[in-house]
Amino acid sequence: MSIAGEGSWSSGMSKQRVYLFDTTLRDGAQTSGLDFTLEDKILIARMLDDIGIDYVEGGYPGANPTDTEFFTQKRLQRAAFTAFGMTKRAGVSVANDPGIAALLDSKADVICYVAKAWDYHVHVALGTTLEENLVGIRQSVEVAKAAGREVIVDCEHFFDGYLANPDYALACATVAHEAGARWIVLCDSNGGTLPGTVERIVGEVARHVPGDSLGIHAHNDTEHAVANSLAAVLAGARQIQGTLNGVGERCGNANLISIIPTLKLKADFADRFEIGVADAKLRELTRIAHRFDELINRTPNRHAPYVGAAAFATKTGIHASALAKDPRTYEHVPPEAVGNQRRVLVSNQSGKANLRTELTRLGIEVAKDNPKLDTLLRLVKEREAEGFAYETADGSFELLARRTLQMLPSFFHTVSFRVVIEKQFERSGDGVAVSEAIVHVRVGQQMRRASATGNGPADALDRALRLALEAYRLYIDDMTLIDFKVRILNTGTGATTRVFIESEDREGNTWSTIGVSETIVDAIYQALEDSIVFRLLKAGAPVLEAERHADAAERVVPSD
Ligand SMILES: [Zn+2]
């Protein structure tokens, strides 16, 4: 082992670990207009697990069927799977509390209780005594610990409570700590506390509960949720709770997408602390942030710090020429560190370099001087102006690139498709809508035509296309559509529709594809076709040629 190796190892060891706790699926789900399905929750939990978040809070088992179902299985590989619920209610024993029973029945590794820490709320909201609230916290922690779970206690309204009655707020935190909770999280539930106060109060609490057991949960009602989270870390706290893109009730929660790069790239934090997010994942942050927006059907904020399209954009002129000489003159961090891009001059040269980086990420190597790169760059720009968002649709981007670079086998050609939607009314006036799709494809030299009915046009088209591609059944049988989002875009020329599809194979690999058209059914078909072609490509399906077609078809179609 080299001396240098040992040196870097020991400097790594001297940093203190800060833990990240994501509550997108619980507190973030309080965002108005946001409603996660079970499939959404599974996808988002996987994204968070993959980034390197330490705790993923999945919801409130027992509170609604989706959350209860979500907690019937472990959903994460690395992150701690965390369930949220209330401490024991007054007047029932801990053994007879149905809320606690639902938490213990769930497959969660970690149980996060919310507890009242403001005397006013104990009296008014719980209608119980201060002492009984403390007993409830202690017993709730103990029963979960006895069941082998790690326990977190979120002290609700902690900062307001501390200002009103510091002794009682502290008593809530210390009783949870003494009962064995791993983390005591100080919550700024109303989001009105400012960074100076947060730093002072966290510092005072850290004299009673060690800082490496303290966390911060900040809301953004004064635009200080990120600042408050960082202030708490400087005062000793070692866990930060937040959400993707800062979603959450009212003005949102602390934005982890801003906090992560600050902790990793800014010397004030990076020199002292480390987190579970690897540098390689940091370089995917922009894509992750935009993909999450796509999942929740929201337009990404162009001006979002670090990840917004405008975060590293400079108007042409003196800034641009200085930037071209030395980017550091006008950039606080290198955009590529967070997977973003410098947007300046839009010179073909810089566009091509970015494009090649993207292609390399997908495993496509292209020479710098390949003229097809110019064609691809032009296509991407044109299509993005039409409404395609390739950044969030890796599958379609890879297909466009391979098609343009002539690196995509031609598995089949679509000749035509049609969808008929018929609504039949009964005498009562109630009606049923039936969608029927007819798809006509050419596989090799053979024409194939198939029709199918389905639950809506997307389902009908999906069934019909799969039937028409009978020859490839072996390769596409195990893929399922797990997410389907439609958005109406207002482009310069009027309204167009963007369809975004997420597909999954039996091994759990997922890929996303996109379609854009003035006609919704056309957009659906584009995204569906890409989804299947991508699967055929990745599965190494053969191209069924004209002469060999009959034989080949027999080889790939298993006989029943
Ligand atoms: Zn909250």
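Helices and strands here are DSSP runs, numbered from the N terminus; a helix has at least four residues and a strand at least two. With that in hand, glycine 148 is a good place to open the tour: this glycine comes after helix α6, and its phi is positive, near 85°.

**Before you start: colour by confidence**

What you have on screen is a predicted model. Colour it by pLDDT and you will find an average of 89 for the protein, with 91% of the residues scoring at least 70. Now select residues 1–12, where the pLDDT is below 50 and the stretch makes one contact beyond its near neighbours in sequence. Residues 547–560 also have a pLDDT below 50, and that stretch has 16 contacts in the model beyond near neighbours in sequence.

**Stop 1: the barrel**

Select strands β2 through β9. These eight strands close into a barrel in the order β2-β3-β4-β5-β6-β7-β8-β9, with parallel pairing. From one strand to the next, the twist averages 25°.

For a look at one pairing, show β3 (residues 55–59) together with β4 (residues 80–86): four bridges join them, and they run parallel. Click on tyrosine 55 and you can find its bridge partner, alanine 80, in β4.

**Stop 2: helix α6**

Next, add α6 (residues 130–146), which packs on the sheet and touches β5 (110–116) and β6 (150–156). The direction of α6 makes about 155° with that of β6. Try your distance tool on the two ends: the 17 residues of α6 reach 25 Å from first C-alpha to last, close to the 24 Å expected at 1.5 Å a residue.

Which residues of α6 are buried? They are Asn133, Leu134, Gly136, Ile137, Ser140, Val141, Val143 and Ala144. The elements covering them include α4 (98–105), β5, α5 (119–126), β6 and α8.

**Stop 3: helix α8**

That last name leads to the next selection, α8 (residues 166–178). Why does its length agree with expectation? At 1.5 Å a residue its 13 residues should span 18 Å, and its end C-alpha atoms are 18 Å apart, so the two agree.

Show the side chains of Ala169, Leu170, Cys172, Ala173, Val175 and Ala176, which are buried. The buried residues of α8 pack against β5, α6, β6, α7 (158–164), β7 and α9. After α8 comes glycine 180, whose phi is positive, near 115°.

**Stop 4: strand β7**

Now select β7 (residues 183–188). Is this strand largely enclosed or open? Six of its six residues are buried, so β7 is largely enclosed by the rest of the structure. Turn on the side chains to see two directions: Trp183, Val185 and Cys187 point one way, while Ile184, Leu186 and Asp188 point the other, and all are buried.

Look at the strands that pair with β7. β6 pairs with β7 in the parallel sense over four bridges, and cysteine 155 has leucine 186 of β7 as its bridge partner. Five bridges join β7 to β8 (residues 214–218), again running parallel. In that pairing, isoleucine 184 has leucine 214 of β8 as its bridge partner. Add helix α9 (residues 195–205) to the selection, and β7, α9 and β8 make a right-handed β-α-β unit.

**Stop 5: a three-stranded sheet**

Leave the barrel and select β11, β12 and β13. They form an open sheet in the order β11-β12-β13, with antiparallel pairing. Its edge strands are β11 (413–425) and β13 (446–454), each pairing on one side only. The twist averages 15° from one strand to the next.

How many bridges join β11 to β12? Twelve, with β12 spanning residues 431–443 and the two strands running antiparallel. One pair to pick out is glutamine 424 and its bridge partner in β12, valine 432. Then bring in helix α19 (residues 457–468), which lies across β11, β12 and β13 and runs at about 150° to β13.

**Last stop: valine 543**

Finish by finding valine 543, in the loop between α21 (520–538) and α22 (549–556). Valine 543 is partly exposed, with 13 other C-beta atoms within 10 Å. Leaving aside neighbours within four places in sequence, valine 543 is in contact with Pro409, Ser410 and Phe411. Now draw a distance to valine 443: the two valines are 100 residues apart in sequence and 8.6 Å apart in space, C-alpha to C-alpha.

Methods:
Residues are numbered from 1 along each chain as its sequence is written. This is a predicted model: local features need pLDDT of at least 70, side-chain atom pairs count only at pLDDT 80 or more; totals for chains, interfaces and linings use all residues. Two strands pair if DSSP finds at least two bridges between them. Axes are lines fitted to C-alpha atoms, for helices over the stretch in contact, and angles run from 0 to 180 degrees between N-to-C directions. Two residues are in contact if their C-beta atoms, placed from the backbone, lie within 7 Å. A residue is buried if 20 or more other C-beta atoms lie within 10 Å of its own, exposed if 12 or fewer, and partly exposed in between; C-beta atoms are placed from the backbone. A crossover is right-handed if, with the strands pointing away from the viewer, the path from the first strand over the helix to the second runs clockwise. The expected span of a helix is 1.5 Å times one less than its number of residues. pLDDT is the predictor's confidence in each residue, from 0 to 100.
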